[in-house]
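This report looks at two contacts in a structure: one between domains, one between chains. Please have the sequence and the model open while reading.

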Amino acid sequence: MLILHCPYCDVMAEETDLAPGGEAHLRREATASDDAAFRDYLFQRRNPRGVHFERWRHAFGCGKWFHAARCTQTLEVFGTYSAQVSTPPDDILAKIRSRRPDWKGFE
Amino acid sequence: MSDVMIEECPLRGMVSLRGDFASAAFQKALHGVTGLDVPTTRRIVTHKDGSVAWMSPDELLLMMSHDQADAVVSALEDSLSGEHHLAANVSDARACFRIQGWGAHEVLAKGAPVDLAPEVFHPGEIRRTRLGQVAVAFWMTGEDAFELVCFRSVAAFVSDWLQMAARPGSFPDVFNA
Amino acid sequence: MSTRLANGGVRIDRSRPLDFTFNGRRLKGFEGDTLASALLANGQTLVGRSFKYHRPRGIVASGAEEPNALVRLGKGDRAEPNQRATTTELFAGLEAGSQNHWPSLEFDIGAINAKLSRFLPAGFYYKTFIHPRAAWKHLFEPVIRQSAGLGPAPTERDADRYEHFYAFVDVLVIGGGAAGLKSAEVAGRAGAKTLLIEQTAAFGGRTLVDPCEIDGKAGPEWVEDQLARLDGLDTVTCRTRMMGAGVYDHGYCLAYERISDHTPGDGRPRHRLWRIRAKRIITATGAIERPLPFSGNDVPGVMLASAVRDYVGLYGVSPGDRTVVVTNNDDAYRTAIALKEAGLDVPAILDARPMATNALADKARGLGIRVEVGRGVASVQGTKQVTGVSICAQAGEGAVLETIACDCVAMSGGWSPVVHLWSHCGGKLIWDPDHAHFAPDPDRPPLGADGSGFVIAAGSASGALHAGDAVESAVRAGRQAAEETGHEPGDEAAPEITVEDEQFMEAVWCMPQGADIKLRSKAFLDYQNDVKVSDVQLAAQEGFESVEHAKRYTTLGMATDQGKLSNINGLAVLAHARDASIPQVGTTTFRPPYTPISMGAIAGEARGALFKPVRKTPMDDWHADHGAHWEPVADWRRPYTYRQGGENIEQAVTREILNTRTNVGLLDASTLGKILVKGPDAGKFLDLIYTNMMSSLKMGRCRYGLMCTENGFLFDDGVVVRLGEDSFLCHTTSGGSDRVHAWMEEWLQTEWWDLKVYTANLTEQFAQVAVVGPKARAVLEALGGIDVSGDVLPFMAFAEGTLAGIKARVFRISFSGELSYEIAVPAAQGLAFWQACLDAGSAHDIQPYGTEALHVMRAEKGFIMIGDETDGTVIPQDLGLDWAISKKKDDFIGKRAQMRSFMRREDRKQLVGLATEDPRTVLPDGAHAVEPGTNAYGHARTIGHVTSTYFSPTLDRSIAMALIKGGADRMGETLSFQVDKDRTIRAKVVDPVFLDKDGERQNV
């Protein structure tokens, strides 16, 4: 059972205090999008073996959403950060690169 | 031997206040109404007429006597007019319990995934988490004394749960060994 | 015969005798005994029957690995089957019984299976019960079920209580033998907060019984000293009767504490499940001795050599008068020596190795014990008790050289480290060919949140079988754990160990090496599931080469002991049969829990009234006092109806509907979600959340709104009220308040964080009461305080003020088609307001009504209900709710999805009303409409299903709604609903609004 650092409460919260929210950094496709783009937004999700960015909500705590950078294979957590960014912050990316030199980077 | 008293507190005035903690107007309004500064992360500050608890980065819980809550909301609305905020009387939405006595830590540790060791969890800290299956928040009011709030609809459930957890002979004696 | 010795037994207190019963027989034991040691002390070597062949079985082991001695304990509300006698502490009055036999343990009809065993090989059931197909359900399965399972499940409600407990430590040490005791000391001395847990009632592990000196002291004495040292450390907590059950991600460990198993009924909880979060976990879980696979190795009296030694040393019990030791390693010699020193007879040590030149062998010979090298057991004599062994050359095919009379056989096939907890969370193993076992690979431990290993193996669990190596590894583990949790360990040395040197063991996977099929068919690997060497070989021969497949085909290691004794032997046999190496074959997956834990411990406090939270409204007590028949609505309980006098439920519902339609009804609507949405951008935000335009809603007015998911599907609905320029109150369904609030926050926090909007879930702040019916206005007027006249408060308007002296908001909205007001008051005054309504309404024949009347009345009006007419695949357009979808808005959640081609098809299932041809016939809920003919699969052609169906007392006929393919164009068609094989109900497609289509009743 995972523990993640809630960047808002500054506590290590265990999984039962959290609610998962799937892949992070999706870009919403609204009315003007074409069918393919909208389909991808609705249904196509990454499922990498390795570095992954996810949304979590501190459901039983402050109620806030945050993002977590995590390795799906080893469950190593590289860091958690604000949900109000469209790309992972530099310090998180640097941490991932130091731990996973072969990682091809955030797309 | 355990000696934990569980009692439901009488109705308490509670106001949920959301706004920008960094804003001078917000700080001023809070101070004007409660005499207190915005608490830092996970802190609960108390004075003689009530307390102010940090609930999230943009939400505070103000506690006062039950009959004061509407007046507090009005006062906040007045002093925050023009400032984006939300103030709501939530006094009746919650129930409050006092858990007191030798073993109080152990009662909560049966249901809350929180390290309550005295060197980790101190008076002045509020923790929002779960107790068994329901959402709660609690803080220490003294040595071996906690207050806990939950939603009104599950008050009976929480009361039963706490009574069960506080039954004599059921403490692992981890905190009070 | 097994018996109590006159002396010895470090765990028992001979001054405290205890009475207990086994199969009704009164027996005596001592405090400190396990049930197993006490049974042996009373000469009870036969303790059960095996699962498949019902072979007589005795105690094999002395701890958690025991496969045979499963008994029923207690009776009535404290009965529990399948409890291991070896881990059951004896207490006064304990009642135990054997299981899996009929009519008695000594004479068992099922033992016929043993005679048939050559017709019941691995895979027998798979191969046999295939044809004819119907026979499975009616013949085979019932018979197999009857004979399957071990002990019978208890029939009474569990009398005990259970609980959970959260703990947070730097270092968790699992296992209280010498290694665990030492690791905990090193970690604790360095300042790490350390919890040491031991599954049995006493610390010390094998140190208590194995002859060795630590720091110049005998084992038991050193253990006592060590416990005193730990007691002096504030940082260390030691607990017994607490087993590490499972290790999980990020340092999470479940530990199972058996608080009062040995003191039943003393008022304490029975078990406590600890949910421990540790920065580092040291597994000092010891090692388990392996049986040797020879013919008849399951006859009662054949035991692990270490267990024989345990019974003598720990409990002062001799498992037999004459014990033949058979081994492939030095350690078993210690058993022979211990027996001899206890005054018992050891006719021979059969050592499968070609020579035995070690110190222990010399000592044994010195005691006059005959040592035979290169020898093994060809077969065991006896059925319910060993009477002798036939010996043979290990290198041969089993030709009997000699038969030795004995009543006990102590066997040792070497030791396997207990790697379960290391492996649960992904720790990898390496094969150690010298000891023929898998051990934790320290370079590939389970990884924690920070990416570093969080489990450290110590002692024999790490593969260090020699006592000196074991304590050295324990000191290293303690140091490592301390350092990695930010503490600085001292430089204390490992204790001095004085113990005989040992020469290497030699693996024996089949005894004798060339055993023929007859011998191999009686050489058991898995005792509990009756899996023999021949079964695993058959599985390999039939192509089940993967260890996971062979396991499932043969059921090797799938019994309640999870193969603690059998796995390594089994996979060695498989490897041999496949001509592969053991590491190539690999192990099966180790899964928690280490040994079975009680269901009660898993449930913890969540039993009975605490099983699940029930949410109650402020008027709940009143409902309970007034005949409420409850209905669960999400987590709430709501009155379904209120029964009066001798009414049945249906009569009560009918009365409530008719009274509401004729006079006035009162509904507790407090469960409705109430979310305050406030801020300069609140209108803009709600325009995105709802399909309707909400920003244009006028102050003081209400509007019914729909919420869709990004897939376009309708998921919640409710009335939105504009409270002020920048504040709206959004009502949600009863089950939807938390979900909708979270939904709004999700969009605000993760997508539109530029919007200036705050939300607050005020659901529980208010009690809400609906006053419904032609006389509703009269009731509110009688309450007094707010002008509720039609002009001042028209339909879909709201007013704020004081009603009956209570601060209130009045919404003129209707879910029944009647003149209707919903009034919100502070929850603490909900009951008072409810009572005030009843008092004010008594002159108008007011009666409360429940959720069923609510449902019927809304269906009469054709109002949809989330969860009835919607199921997560329905868009508002399917329900004819196009009027609630704004055409003016560029965007709202779900809009883009509703533009997808599939969502626009005209033959989607659409909402219709149904009028059965016979007005008294009520369609069953969910009934499928079928068209003539069959589809491509030969199934009925279904075109839709009934979503709501009732008998309407108002209309005195049945009504229903359904989602029907292309339903919008089927008005007037008659559809067939096949509700049973030979029963079809015909119903005409009609407008779903059955009552008062023009809304005259509510616009008064």
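## Two contacts

The domain assignment splits chain B into domain 1 (3-8 + 93-165) and domain 2 (12-92). The model is predicted. Between the C-alpha centres of domain 1 of chain B and domain 2 of chain B there are 23 Å. To their contact, domain 1 of chain B gives ten residues, and domain 2 of chain B gives ten residues.

Which elements give two or more residues to the side of domain 1 of chain B that touches domain 2 of chain B? They are strand E7 (94-102) and strand E8 (126-131) of chain B. E8(B) supplies the largest share of this side of domain 1 of chain B, with three residues.

The other contact joins chain C and chain A, with 22 residues from chain C and 21 residues from chain A. On the side of chain C that touches chain A, the elements giving two or more residues are helix H21 (737-750) and helix H25 (895-898) of chain C. H21(C) provides the largest share of that side, four residues.

The table lists the residue classes for one side of each contact.

| Side | Nonpolar | Polar | Charged |
|---|---|---|---|
| Domain 1 of chain B, touching domain 2 of chain B | four residues | one residue | five residues |
| Chain C, touching chain A | six residues | five residues | eleven residues |

In words, the side of domain 1 of chain B that touches domain 2 of chain B has five charged residues beside four nonpolar and one polar. The side of chain C that touches chain A has eleven charged residues, with six nonpolar and five polar.

Terms used:
Residues are numbered from 1 along each chain as its sequence is written. Chains are lettered from A and ligands numbered from 1 in the order in which they are written. This is a predicted model: local features need pLDDT of at least 70, side-chain atom pairs count only at pLDDT 80 or more; totals for chains, interfaces and linings use all residues. Domain bounds come from an automatic or database domain assignment. Two residues are in contact if their C-beta atoms, placed from the backbone, lie within 7 Å. Ala, Val, Leu, Ile, Met, Phe, Trp, Tyr, Cys and Pro count as nonpolar, Asp, Glu, Lys and Arg as charged, and the others, Gly among them, as polar.
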